[in-house]
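Trainee: Got a minute to go through the charged pairs in this model with me?
Mentor: Sure, pull it up and ask away.

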Amino acid sequence: MTPTDRTPPAMTFDDHLQHLVERALVSIPVADADDIYAVSFLIDNEEDDPRQPTLTVGYNTETQARRSIPDASDQAEARWNYAFWIQNELTVVGDLTSDPAGAAARQEWISDLGLWHAEQAGLAGWSSAMGPLAPRIGARFHQICCRLARTLHTTGVIERSVGRTVPVIVHELEYYEAIALQTEAANPPGIADEFTSWVRHG
């Protein structure tokens, strides 16, 4: 068997995540790039299933923030609350429909961590089994997303895609101290201070 005959190794979930996110960022239109002040890493569970965390990548612009001020409680909320953002979807990593390869790689990754649990009949049994596993899966998924964001800063992907350094906001639909902490971990020191100050002090 020659080297060209060999089946390439399966892409890990880390690799898949980085590939899709990098591809999404470089697709940002040049017309929007100058107006972007933050990149969004929105983490959610598809179908409310903790075994199916997804990462939606998007961004917000200065124009959108100004447009949202009349609907927000103040300028800071218009700028940092995702409810007022464009909510574009450059990619949704792990989505069962649009990214089945990522969903399969994610299941394998969770299984390798020893955290996968097959769905069982009966809500009580399912809740009992997933109760201790759900936060552990969530924590590991948040960690991998934060690590990716730091890598994108280090390798210059964000700077090349947007034209300068902007913070990556690693968040959910709700905001609390853990969101501030993980966003700090995802970015070079000081880059996300405006966002984390808003989360902590309003």
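What follows is a short chat about salt bridges in this predicted model.

Trainee: How many salt bridges are there in the model?
Mentor: We accept a pair when a side-chain nitrogen of Lys or Arg sits within 4 Å of a carboxyl oxygen of Asp or Glu. Going by that rule, the count is 6.

Trainee: Which residue forms a salt bridge with Asp14?
Mentor: Start from helix α1 (residues 13-26), where Asp14 sits, and look 133 residues away, in helix α7 (residues 133-154). The partner there is partly exposed, at 47% relative accessible area. N and O come to 3.0 Å in this bridge, and the residue is Arg147.

Trainee: Is Arg79 buried or exposed?
Mentor: Its side chain meets that of Glu62 in a salt bridge, 2.7 Å from N to O. Glu62 is in helix α3 (residues 62-68) and Arg79 in helix α4 (residues 75-80), so the bridge ties together parts 17 residues apart in sequence. Glu62 is partly exposed at 25%. Buried means under 20%, and Arg79 has 17% relative accessibility, so call it buried.

Trainee: Which residue is linked in a network with Glu62 and Arg79?
Mentor: The Glu62 and Arg79 side chains already meet in a salt bridge. The network of salt bridges also takes in Glu194.

Trainee: What distance separates the closest N and O atoms of Glu184 and Arg200?
Mentor: Glu184 belongs to helix α9 (residues 177-186) and Arg200 to helix α10 (residues 193-201), 16 residues apart. Glu184 is partly exposed at 31% relative accessibility, and Arg200 is partly exposed at 31% too. Their salt bridge has its closest N and O atoms at 2.8 Å.

Methods
Residues are numbered from 1 along each chain as its sequence is written. This is a predicted model: local features need pLDDT of at least 70, side-chain atom pairs count only at pLDDT 80 or more; totals for chains, interfaces and linings use all residues. Side-chain values use heavy atoms; hydrogens and water are left out. Helices (H or I, at least four residues) and strands (E, at least two) are DSSP runs, numbered from the N terminus. Buried means under 20% relative accessible area, exposed over 50%, partly exposed in between (1.4 Å probe, protein chains only).
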